[in-house]
Amino acid sequence: MERTWRWFGKKDTITLAMLKQIGVEGIVTALHDVPLGEVWTREKIRDLREYIESYGMRWSVVESLPVVETIKYGGPDRDHQIEVYKESLRNLSAEGIHCICYNFMPVLDWARTDLLHANPNGSSNLYFNYAEFAYFDIYILKREGAREEWAAFRFPEGYGEGRNVLAEADALAREMTPEKDHKLVENIVIKTQGFVSGNFSENDEAPIRKFREFLDLYKGIDKAQLRANMKYFLEAIMPTCEQYGMNMCVHPDDPPIEILGLPRIVRTREDIQWLLEAVPNPHNGLTFCAGSLSAGAYNDVVELARQFAPRTHFVHLRSCHIFPSGDFTEASHLGGRADLIELCRIFEKQNPQLPMRVDHGMTMLGDETKGYNAGYSFLGRMFAMGQVQGILATVDRELGITYKQPGFFD
Ligand code: DNO
């Protein structure tokens, strides 16, 4: 697979010169400064592409070209927004960029409750605690129906035995302080969404009010309706994708569970099969995010990779560990539920040119003082990148694939 890295543009303190030293060949990025719903112009795309190329790398994948909420909930201006999307696709194609990662998660792009959860070795990882999330939902967001939904909540079989998430959330309510509430809002909304989604920014003064407004847009939108809206979007853009050779790859829902009363439609094998069959065009494909999928106890990640490799255009390598309590954290890239070694075998066999990026990484050895985006440390990701390069070198040897890491004399 092509060794790529998610880089957040010219303002990223992790520079392209640094990435070159650690074997990165391709860059995964976006025009982060273009407001949601505006066309990505050819000039802006070209400027960033040329900058990346001046370091001897290529712009391999766009992550993300955001699908605005109106397309997801089917608002009155969705057709206009689909035209905007098509225009950006045409401009990207004209600049030679053909792989587009996006997601179809309503409101929240991804969710965690703790961004610096200590590992036994002294580093930290991202963490999702159901009780804290339920507390956020019931006591901070004060979402209508939240209490009833958490009362009915059940963990997948084998997890969370004897656990009562609602009772835990009520217990938390007795000990939380305004400072702790603020921290939780920061973790769930500001720091996780701010740099990826465009719906929220680090400077939002009333993120909870904004959050409620977004949730209101989805009143009456159930799973079937969200699926219909996704199909509508994909069918509308497929002719452009065919004409301009654009590969769309949807990112699975992270975590792959239903939250905040919102439908989530890219969580399981059945979901992925549905979306690939609903629009049976090779340009409608998948971002195989092993991390997101492995946070769902019902997902056998290796089986999913075997089944969906032919429609995968982009791979995220990361692995989760689910505790017996049902909570999950991000594991070592050599451990956890995802079996990255077997995944590398499957995808390398499928297509040695497939772009792959290491996803997230430990926060370690001072990463925490550098202000990196949540999950996107430098040393932790570099460590994971080294591990994955080792896996790939071994798998390539097994498969008889010749690969020479750029940047060395031999
Ligand atoms: C988080 C990421 C997501 C992902 C988008 C893709 O770390 O995996 O923000 O980039 O959901 O659209």
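**Exercise 1. Find the element that gives the most residues to the lining of the largest pocket.**

Solution. Start with the term. On a 1 Å grid over the protein atoms alone, a pocket is an open set of points with protein on both sides within 12 Å along at least five of seven lines; a cavity is a set where a 1.4 Å probe fits but cannot get out; lining residues have an atom within 4 Å of a point. Helices (H or I, at least four residues) and strands (E, at least two) are DSSP runs, numbered from the N terminus.

The model is predicted: local features need pLDDT of at least 70, side-chain atom pairs count only at pLDDT 80 or more, and totals for chains, interfaces and linings use all residues. Numbering runs from 1 along each chain as its sequence is written, and side-chain values use heavy atoms, with hydrogens and water left out.

- Step 1. Take the volume of the largest pocket: about 1000 Å³. Grid points are joined across faces, edges and corners, and a volume is the space filled by probe spheres set on the points.
- Step 2. List the lining. It has 45 residues, and the closest to the pocket centre are Phe-8, Leu-31, His-32, Asp-33 and Phe-195.
- Step 3. Look for elements that give two or more residues. These are α2 (42-53) and α4 (78-94).
- Step 4. Pick the top one. α4 gives the most, with four residues.
- Step 5. Sort the lining by class: 20 nonpolar, 13 polar and twelve charged. Here Ala, Val, Leu, Ile, Met, Phe, Trp, Tyr, Cys and Pro count as nonpolar, Asp, Glu, Lys and Arg as charged, and the others, Gly among them, as polar.

**Exercise 2. Count the cavities of 30 Å³ or more and describe the largest and the second largest.**

Solution.

- Step 1. The count is three cavities of 30 Å³ or more.
- Step 2. The largest cavity holds about 170 Å³ of space. Of its 18 lining residues, Arg-6, Glu-63, Asp-109, His-251 and Tyr-376 lie nearest its centre. β4 gives the most to this lining, with three residues. The classes are six nonpolar, five polar and seven charged.
- Step 3. The second largest cavity holds about 130 Å³. It has 15 lining residues, with Val-67, Lys-72, Asn-103, Asp-109 and Ser-197 nearest its centre. Its classes are eight nonpolar, four polar and three charged.

**Exercise 3. Place the ligand and list its side-chain contacts to Asp-109, His-251 and Tyr-376.**

Solution.

- Step 1. The ligand sits in the largest cavity (more than half of its atoms lie within 2 Å of the grid points).
- Step 2. Its shell has 13 residues, the closest being Glu-63, Ser-64, Asp-109, His-360 and Tyr-376. A residue is near if one of its heavy atoms lies within 4 Å. Strand β4 (residues 99-103) supplies the largest share, three residues. By class the shell has six nonpolar, four polar and three charged residues.
- Step 3. Find the polar contacts (pairs of N or O atoms within 3.5 Å). Ligand oxygen to a side-chain N or O atom gives 2.6 Å for Asp-109, 2.7 Å for Tyr-376 and 3.2 Å for His-251.
- Step 4. Check burial. Alone, the ligand exposes 330 Å², and the protein buries 100% of that (Shrake-Rupley method, 1.4 Å probe).

**Exercise 4. Locate the cis peptide bonds that end at Ser-64 and Pro-255.**

Solution.

- Step 1. Glu-63 and Ser-64 are joined by a cis bond, omega about -10°. Ser-64 is in the loop between β3 (58-63) and α3 (69-73).
- Step 2. Asp-254 to Pro-255 is also cis, with omega near -5°. Pro-255 is in the loop between β7 (247-251) and α11 (269-278).

Key:
Polar contact = N/O pair within 3.5 Å; in protein donor to acceptor, adjacent residues only side chain to side chain.
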